[in-house]
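Work through the following exercises with the coordinates open, and try each task before reading its solution.

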Amino acid sequence: MEAAAALGGSGLPGALIVLILLVLVLLLAAVLHRSAPRETPVAPQDGPRANGHARPEEPRKAKPAARARREKQRQHSFAHRLLVAALKGHSSPVTCLDFSSNGKYLASCSEDRTVRLWSTRDLAGREHRCLRANVGLDHAELVRLSPDSRVAVEPTQGENLVPLAFIVWLANAETIRVYKMTKKDDGSFTFTATSGDFPKKHKAPVINIGIAETGKFIMTASSDTTILIWSPKGEVLASINTNQMNNAYATVSPCGRFVASCGFTPDVKVWEVCLGKNGDFREVTRAFELKGHTAGVQSFSFSNDSRRMATVSKDGTWKFWDTDVEYKKQQDPYLLLTGQCAVLEPCRIALSPDSRTVAVAGGTDIVVYNTRRGEEEERFLGVHSHRIADLAFDTTGRYLVSCGDRAICVFHNTAGHRAVVEEMEAILKKTGNKATRERLEQQISSARKALAAIYGKKH
């Protein structure tokens, strides 16, 4: 027992020492584990690091959607055998076009804050030079060339008559501004705004402006039911309530005698702007109406002498009218022809100066018809990347122009040449006068040569 007691007494300190050593080992292992660097997941690097510095970040690439939109706008192109030219100079969509009354120049305005003046003599050439006017701190939505202010200058080669002034409707200022051409000391030309814009009078957005051929008055029309007649100095001479629920379109006739409007109602209303013997404004009187559509009229157009008009409606038809009537004796215009629109949602119509052809635009498409039978002559699809904003024939009737994006498309009016041949041949069969026959044969020959030159050049 003593031996057992001796063994028990001597074994306790040894076990205690072992236990203490075990605890120390565990504590040391825990300390070492905490102090050791832990591996954490990291995002993969674009490349190795050098000297502890990150690799320079590469330039950000454009988002695919934004890049695709830019590419689509930049890459839009239109080709057609009757396309004379695509006038390129504006950097933003073109919103309005206007030919000078002498036919020598085409004005265009754009969201890029410029107005450009193109020479129609260069339309069929390779180079399309233009004069540029900058619109400061705003952009022009509408432009109209002054018909009676001209000056002899030399913007290209040789002497040309250039309109001295034009008016614009400013998008932000919502007013008329007049620009005049001035000659610099170095012989170049510039456009400067006259002091003082027209006062603000319209309560709704303006849809069109115009200058009478006489230069005696200016018209502005808004989308409510208001048309204002102004003096060239910016004084309101008359206010017209169209009573059409809203105005879709309004304009001044090429002869300068009439203003007309269309809108929600299925008719076109025409007023005469009466002037005194000295040319001063006297009054505005109701002239006549064009009635026959079954839905609202979207647009209309006058011939050069205002004896014919064309209208296009939401009812899907276009109509051709004889307006050479004695309206002061209550004589109504005559409906000559009704045609079916081949474009969806027709929004704009243009009648050639000689009234032989009519062009209807809807969306990005244009269809040209003859007014003798109402048959389709030409069709231009996908002309612009955006909805067509304006459509017009030049004063000679040789060209048709349109805008809807940054380019202005110019087309040959082959339908007009064919219409001349058809009409002159019909008259030739009925006449026996030698001089008349010679004149008709000459016109037929000229029209045929023009067609041969157009199609021959394209082929």
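**Exercise 1.** Determine how many residues of strand 9 are buried, and how they are distributed over its faces.

Solution. Strand 9 is mostly covered, since six of its six residues are buried, where strands are DSSP runs of E with at least two residues, helices are runs of H or I with at least four, and both are numbered from the N terminus, and where buried means under 20% relative accessible area, exposed over 50%, and partly exposed in between, with a 1.4 Å probe and protein chains only. Taking the faces in turn, one side carries Ala-165, Ile-167 and Trp-169 and the other Phe-166, Val-168 and Leu-170, all of them buried. The model is predicted, with local features requiring pLDDT of at least 70 and side-chain atom pairs counting only at pLDDT 80 or more, whereas totals for chains, interfaces and linings use all residues. Residues are numbered from 1 along each chain as its sequence is written, and side-chain values use heavy atoms, with hydrogens and water left out.

**Exercise 2.** Identify the strands that pair with strand 9, and follow the pairing through Val-168.

Solution. On one hand, strand 6 is joined to strand 9 by five bridges and runs antiparallel to it, two strands being paired if DSSP finds at least two bridges between them; here Val-143 has Val-168 as its bridge partner. On the other hand, strand 9 pairs with strand 10 in the antiparallel sense, also over five bridges, and Val-168 stands opposite Arg-177. Strands 9 and 10 form a hairpin with five residues between them, and Glu-174 in the turn has a positive phi of about 55°.

**Exercise 3.** Describe the largest nonpolar core and the part that strand 9 plays in its make-up.

Solution. A nonpolar core is here a set of buried Ala, Val, Leu, Ile, Met, Phe, Trp, Tyr and Cys residues joined through side-chain atoms within 4.5 Å. The largest has 30 residues, and those with the most contacts inside it are Val-115, Val-143, Phe-166, Val-168 and Phe-191. Among the elements that give two or more residues to this core are strand 3 (105–110), strand 6 (140–145) and strand 10 (176–183), while strand 9 gives the most, with five residues. Apart from this core lies another, of 20 residues, including Ile-366 and Leu-391.

**Exercise 4.** Which residues does Val-143 contact beyond its neighbours within four places in sequence?

Solution. With contact taken as heavy atoms within 4.5 Å, the partners of Val-143 include Cys-96, Cys-109, Val-115, Phe-166, Val-168 and Ile-209.

**Exercise 5.** Why do Cys-96 and Cys-109 not form a disulfide?

Solution. A disulfide is a pair of cysteine sulfur atoms within 2.5 Å. The sulfur of Cys-96 is 4.9 Å from its closest cysteine sulfur, in Cys-109, and is therefore too far for a bond. Cys-96 counts as buried at 2% relative accessibility, and Cys-109 is likewise buried, with a relative accessible area of 0%. A search of the whole structure finds zero disulfides.

**Exercise 6.** Locate Leu-164 and classify it as buried, partly exposed or exposed.

Solution. Leu-164 lies in the loop between strand 8 (160–163) and strand 9, and at 27% relative accessibility it counts as partly exposed. Its C-alpha atom is separated by 8.0 Å from that of Thr-182, although the two residues are 18 apart along the chain.
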